[in-house]
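Work through the exercises below with the sequence and the model side by side. Each task is followed by a solution that goes step by step.

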Amino acid sequence: MDHFAGLDVSVKGTSVCIVDDTGKIVREVKVASGPDALLAVLTNPAYCFKRIGLEAGPLSQWLYSALAEVGLPVICVETRHMRAALKAQINKTDRNDARGIAQMMRAGLYRPVHVKTLRSQTIRMLLTHRKLLQSKAIAIDNDLRGTLRNFGLKVGMVGTVKFEARIKELVENLPDLAVLVEPLLIVRRALREQLGILHRRLLAIVRDDEVCRRLMTVPGVGPVVALTYRATVDVPARFRNSKAVGAVFGLTPAKYQSGEINRTGAISRCGDDMMRVMLYEAAQSMLRTNKWSWLKAWAMKIARHRGMKKAIVALARRLAVIMHRIWVNGTEFRWTREVAAA
């Protein structure tokens, strides 16, 4: 007899529900959220598991890897899909959620998500930490500009390197303000220093990665965009074709159809937010540069008919498709149609 399990994972505990192929509950238990506690329950020889489901979350990658390593048929389920399926329950509890997940596994009503490899998870951490330090450093700059403006002190157009010297120059004869500004300048200096360390680490990874170097042949795609794409896609073979990448990144229009209503809305914005932002910025960068290519000509044609904003979104979606095709085929970007047809 086949068995199915649902795991409702929280930080401290995980509710486990095991059902047989008729839907009858065989066992329910709550254990600590760790591989050892879960394996003690799931490796019982009395159960013949066909599917074990858990929701995508902060601990899901860690638990998924541990369960898959011992050969258990574990599946990571897409969060929004699972939330919609469990929404019909009157009482939301960890126990009921585990039951619902187990029944979803038994009926096959789930949408699996890709669990990234350890290398991609490490790269993603690097990108996330770099982005965090960058945002905090920018926030400090903006705060200093805004607060000093209240006293009639205008920072003006100044680069990152000369920013601190400019601030000190403005408050040089105002000791009360200098005392308040100095702590922020110290923190800003430390943030910029550590940001530089992470950025140099990022560049070193890109320099040694053959896939990233080929992705950077696409206009508008720099080291950060290439490495973000590398870490997000992770395994290019998981997409049935290159066109599917745009939909996974939330860059395709959402559609609503019911009876006589048939409405196409804005992009779905599902999937990885960081990757979507990076592709949008790469599209903007391409349209701002003077370098001409068939891809830029295609985007400018859309801009003339439908506006620049829609052209940038369309270009971001096409960039995702082209970069996937470059990765799979082992080629580089071709600047003209004639070269592509040759």
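**Exercise 1. Describe the overall make-up and spread of the chain.**

Solution. Begin with the secondary structure: the protein chain has 14 helices and seven strands, where helices (H or I, at least four residues) and strands (E, at least two) are DSSP runs numbered from the N terminus. Next, take the radius of gyration, which is 25 Å and well over the 20 Å that the globule rule gives for 342 residues, so the protein chain is more spread out than a compact globule; this radius is taken over C-alpha atoms, and the rule is 2.2 Å times the number of residues to the power 0.38. Along the principal axes, the C-alpha atoms fill a box of roughly 80 × 60 × 50 Å.

Before going further, note that this is a predicted model, in which local features need pLDDT of at least 70 and side-chain atom pairs count only at pLDDT 80 or more, while totals for chains, interfaces and linings use all residues. Residues are numbered from 1 along each chain as its sequence is written, and side-chain values use heavy atoms, with hydrogens and water left out.

**Exercise 2. Find how much of the chain is buried, and how its contacts are spread along the sequence.**

Solution. Of the 342 residues, 41% count as buried, where buried means under 20% relative accessible area, exposed over 50%, and partly exposed in between (1.4 Å probe, protein chains only). The accessible surface comes to about 19,500 Å², of which 55% belongs to carbon and sulfur atoms; such areas come from the Shrake-Rupley method with a 1.4 Å probe, and for residues only the protein chains shown count as cover. Turning to contacts (heavy atoms within 4.5 Å), among those with a separation of 6 or more, 57% join residues 24 or more positions apart.

**Exercise 3. Describe how H9 packs against H11, and place Thr228 in that packing.**

Solution. Two packed helices are described by the angle between their axes and the distance between the axes. For helix H9 (residues 223-233) and helix H11 (residues 273-288), the angle is about 145 degrees and the axes are 10 Å apart; the axes are lines fitted to C-alpha atoms, for helices over the stretch in contact, and angles run from 0 to 180 degrees between N-to-C directions. H9 passes H11 in a left-handed crossing, a term used if the near helix is turned anticlockwise from the far one by less than a right angle, with right-handed used if clockwise.

The next step is to list the partners: Val224, Val225, Thr228, Tyr229 and Thr232 in H9 meet Met274, Met275, Met278 and Ala282 in H11. The residues of this contact divide into seven nonpolar, two polar and no charged, with Ala, Val, Leu, Ile, Met, Phe, Trp, Tyr, Cys and Pro counted as nonpolar, Asp, Glu, Lys and Arg as charged, and the others, Gly among them, as polar.

Finally, Thr228 of helix H9 counts as buried at 1% relative accessibility. Not counting residues up to four places away in sequence, Thr228 touches Leu127, Met274, Met275 and Met278.

**Exercise 4. Compare the settings of Asp234 and Arg269, looking at phi, location and accessibility.**

Solution. Most residues other than glycine have a negative phi, and most peptide bonds are trans. Asp234, however, has a positive phi of about 65 degrees although it is not a glycine, and Arg269 has a positive phi of about 60 degrees although it is not a glycine. Asp234 is found in the loop between H9 and helix H10 (244-248), whereas Arg269 lies in the loop between strand E7 (261-267) and H11. As for accessibility, Asp234 is buried, with a relative accessible area of 8%, while Arg269 counts as exposed at 59%.

**Exercise 5. Locate Ile312 and identify its contacts.**

Solution. Ile312 belongs to helix H13 (residues 308-329) and, at 7% relative accessibility, counts as buried. Leaving aside neighbours within four places in sequence, Ile312 is in contact with Tyr280, Ala283, Gln284 and Leu287.
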